[in-house]
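Here are a few exercises to work through with the model open beside you. Try each task on your own, then compare your route with the worked solution.

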Amino acid sequence: MGISLCLDFGNTRLKVAVFNGRDFQEEINLPEATVESITALMNQWKPKKVILSSVINHDPAIESIMAEQTVFHRLSHASLLPLTTPVGKPETIGADRLALVAAAVDLFPKQHNLVIGLGTCITYNFINNQHEFLGGSISPGMNMRFRAMHEQTALLPYIKAESPFPLVGYDTKTNLLSGVIWGMTKEIDGIIDEYALKYSNFNVLLTGGDMPFFVPHLKNRIFADPNLIFKGLYAISEFNNR
């Protein structure tokens with residue numbers, strides 16, 4: 001038992017999850033990854049264990065601070081994992097994807113799992129019932145699609161997602177909302193359907209900051225969990241510090 005911190009430094013947000021034992025307590029948003037912010041975090045929670053997943057360039061000094069005060073692990077392709085990664089270049093697998101499939105193994109062991117992360121990009125991650133991470137696919141995320149249409153055209157505005165949104169748009173904004181969000185919804189359902197043709201029985205786990213826009217509209221059965229990446233990080237931390 002005791003407090004563990006799971007840090008996820010993504011392209012868009014810097015997030016920290018607080019666990020008491022295996023129990024998720026709360027999520028914290030860090031405004032920036034600095035020595036000062038990490039020192040304050042350590043002083044506030046006094047964790048026994050810390051794990052960091054980072055896809056950004058951050059000050060290496062913050063890792064030194066965590067390593068000096070806790071049992072620290074930096075997630076990488078060299079981490080011990082409760083799964084195998086039979087791909088040509090395991091070092092190219094994103095830390096966020098490793099955390100997502102680790103969560104699936106922890107929650108649904110010895111089962112086929114398709115984990116879909118809705119963040120800066122959409123990642124589709126398939127792990128089979130032998131705990132082999134076979135890979136998947138990556139496509140543009142929601143904000144990336146909105147931004148691309150604005151930046152690569154002369155007149156289309158940049159908008160942010162909102163709900164509800166119509167199927168039949170009645171002005172420029174609602175046309176963009178319909179095209180992006182309904183388009184992504186059908187993409188996600190379509191990918192799940194393709195996996196169903198190959199694997200007759202598997203779980204679909206959905207997570208990520210954009211998840212609420214899609215859960216009500218997907219026709220396939222899913223397990224929606226906004227804290228999935230944190231649960232995977234916690235599982236990996238425990239696996240490396242047994």
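## Exercise 1: A sheet built around a hairpin

E6 and E7 pair in the antiparallel sense over six bridges. This is a predicted model, so keep that in mind as you go.

**Task.** Starting from that pair, find the order of the strands in the open sheet that contains E7 and E6.

**Solution.**

1. Begin at the turn: two residues form the hairpin connection between E6 and E7. Across this pair, Ile116 stands opposite Tyr124 in E7.
2. Move to the other neighbour of E7, which is strand E8 (residues 133-140), paired with E7 in the antiparallel sense over seven bridges. One contact to look up is Cys121, whose bridge partner in E8 is Pro140.
3. Return to E6 and look at strand E9 (residues 203-207): these two pair in the parallel sense over five bridges. Ile116 has Leu206 as its bridge partner in E9.
4. Put the pieces together: the open sheet has five strands in the order E8-E7-E6-E9-E10, with mixed pairing.
5. Check the ends: E8 and strand E10 (223-224) each have a single partner strand, so one side of each has no neighbour in the sheet.
6. Add the helix: H5 (residues 172-198) packs on this sheet and touches E6, E7, E8 and E9. The direction of H5 makes about 15° with that of E7.

## Exercise 2: The other sheet

**Task.** Which strands stand at the edges of the sheet with the order E3-E2-E1-E4-E5?

**Solution.**

1. This open sheet has five strands and mixed pairing.
2. Strand E3 (23-30) and strand E5 (71-74) are the edge strands, each pairing on one side only.
3. On average, neighbouring strands here are turned by 15° against each other, direction ignored.
4. For one pair in detail, take E4 and E5, which run parallel and are joined by four bridges. Val50 has Phe72 as its bridge partner in E5.
5. Finally, H6 lies across E1, strand E2 (14-20), E3, E4 and E5, running at about 120° to E1.

## Exercise 3: Positive phi values

**Task.** Is His131, with its positive phi, buried or exposed? Ask the same of Lys46.

**Solution.**

1. Locate His131 in the loop between E7 and E8; the hairpin of these strands has five residues between them. Its phi is near 60°.
2. Apply the cut-off: buried means under 20% relative accessible area. His131 is at 14%, so it counts as buried.
3. Locate Lys46 in the loop between helix H1 (35-45) and E4. Its phi is near 45°.
4. Exposed means over 50%. Lys46 has a relative accessible area of 62%, so it is exposed.

## Exercise 4: The largest pocket

**Task.** Which element gives the largest share of the lining of the largest pocket?

**Solution.**

1. The largest pocket has a volume of about 1000 Å³, and 41 residues line it.
2. Thr12, Leu118, Gly119, Thr120 and Gly209 lie nearest its centre.
3. The elements giving two or more residues to the lining include strand E1 (3-9), strand E6 (113-118), helix H4 (142-151) and helix H6 (228-240).
4. The answer is H4, with five residues.
5. By type, the lining divides into 17 nonpolar, 15 polar and nine charged residues.

Technical notes:
Residues are numbered from 1 along each chain as its sequence is written. This is a predicted model: local features need pLDDT of at least 70, side-chain atom pairs count only at pLDDT 80 or more; totals for chains, interfaces and linings use all residues. Side-chain values use heavy atoms; hydrogens and water are left out. On a 1 Å grid over the protein atoms alone, a cavity is a set of points where a 1.4 Å probe fits but cannot get out, and a pocket is an open set with protein on both sides within 12 Å along at least five of seven lines; lining residues have an atom within 4 Å of a point. Grid points are joined across faces, edges and corners, and a volume is the space filled by probe spheres set on the points. Ala, Val, Leu, Ile, Met, Phe, Trp, Tyr, Cys and Pro count as nonpolar, Asp, Glu, Lys and Arg as charged, and the others, Gly among them, as polar. Two strands pair if DSSP finds at least two bridges between them. Axes are lines fitted to C-alpha atoms, for helices over the stretch in contact, and angles run from 0 to 180 degrees between N-to-C directions. Contact means heavy atoms within 4.5 Å. Buried means under 20% relative accessible area, exposed over 50%, partly exposed in between (1.4 Å probe, protein chains only).
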